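Colleague: Please take a close look at one part of this model for me. Pick a single strand and work outward from there.

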Amino acid sequence: MFQENTSTDCLNTTTASTEDGAFQKKGHSARILSPEEAERLAKDRVLVSEFKQLKLEKEAQKNWDLFYKRNSTNFFKDRHWTTREFQELKACREQNALYTTERCKVFQCDLTKDDLLENIPADSVDVVTLIFVLSAIHPDKMHLVLKNIYKVLKPGKCVLFRDYGLYDHAMLRFKSGSKLGENFYVRQDGTRSYFFTEEFLSQLFKAEGYEQVVNEYVQRETVNRKEDLRVPRVFLQSKFQKPFSKT
């Protein structure tokens, strides 16, 4: 690992990826667009109609259910990077003597409206992962998810977050007519995706009482050696802690 910028407010680090040998950069600096990319985004100002946006919100669950049905066998892979990037996950699993599959409780819920307290005791959870979850939720409802999680998270414990960052390749691929709002887009299958800035995410968590531990961009290349293609990816990777109660 080496430092690319030693300034305290924009410290970036570059590390070799363990999966494919590609390099990734972490830091507080957003990806810099090429002139062509900047021009294309500047021209994309037309938003999807309000009628269609309301329809997409109403049918959000159905569209995601269809997505998972179509991609049940060819989409999901082992995410080995999760325990590399979030050591809390490995420690929680291996150091807890009470961990057993028989004790796991699986349930389905809508985090924007179903109260987690109906299935999980208050202040009882050691770690929560929001990995490519929040981007699928309408920005106006994201705070409801964080408020819901806050009730069951133990004081002093963290939410581990990773999701699409501003100017990720997926954001730049959207064609005209796909924009729902600032950094918010709809795919052809009706599923939606938000692309986070460091500032937006920080404000979102802090407004619900969390304390920021880590919040930084991860810039890396996805390499397709067969097609000799390198795709710039941008993610936001963060940890936010529920503070201990003040006495």
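**A strand and its surroundings**

Modeller: Lys-239 has its place in strand E10. Keep in mind that the model is predicted. Lys-239 counts as buried because its relative accessible area is 17%, and buried means under 20%. Leaving out residues up to four places away in sequence, Lys-239 touches Phe-86, Glu-88, Val-159, Leu-160, Glu-211, Gln-212, Val-213 and Val-214.

Now the strand itself. E10 covers residues 229–241. E10 runs antiparallel to strand E9, residues 211–224, and 13 bridges join the two. One of the paired positions is Thr-222, whose bridge partner in E10 is Val-231. The hairpin of E9 and E10 has 4 residues between the strands. There, Asp-228 takes a positive phi near 55 degrees.

E10 also pairs with strand E5, residues 153–164. These two run antiparallel as well, joined by 7 bridges. Here Cys-158 has Gln-241 of E10 as its bridge partner.

Next, the helix that packs on these strands. The buried residues of helix H8 pack against E5, E9 and E10, and also against strand E3 (23–27), strand E4 (125–131) and helix H6 (142–152). H8 spans residues 198–207, and its buried residues are Glu-198, Leu-201, Ser-202, Leu-204 and Phe-205. Seen down the helix axis, they fall within an arc of 160 degrees, so they line one face of H8. Gln-203 and Ala-207, on the other side of H8, are exposed. Just after the helix, Gly-209 takes a positive phi of about 100 degrees.

That leads to the core. The largest nonpolar core holds 30 residues. Leu-134, Leu-201 and Phe-205 have the most contacts inside it. Two or more residues each come from E4, H6, E5, strand E7 (184–186), H8 and E10. H6 gives the most, with 5 residues.

Take Leu-134 from that group. Neighbours within four places in sequence aside, Leu-134 is in contact with Met-142, Val-145, Leu-146, Phe-161, Asp-163, Phe-196, Leu-201 and Leu-204. Another core, of 11 residues, lies apart from the largest one. Among its residues are Leu-33, Leu-166, Met-171 and Phe-195.

To pull it together: E10 is joined by bridges to E9 and to E5. The buried residues of H8 pack against E5, E9 and E10. E10 gives two or more residues to the largest nonpolar core, and E10 is also where Lys-239 sits.

Terms used:
Residues numbered from 1 in each chain as written. Predicted model: local features only at pLDDT ≥ 70, side-chain atom pairs only at ≥ 80, totals over all residues. Heavy atoms only, no water. Pairing = 2+ DSSP bridges. Buried < 20%, exposed > 50% of the residue type's maximum accessible area, 1.4 Å probe, protein only. Arc of directions from axis to C-beta. Contact = heavy atoms within 4.5 Å. Core = buried A, V, L, I, M, F, W, Y, C linked by side-chain atoms within 4.5 Å.
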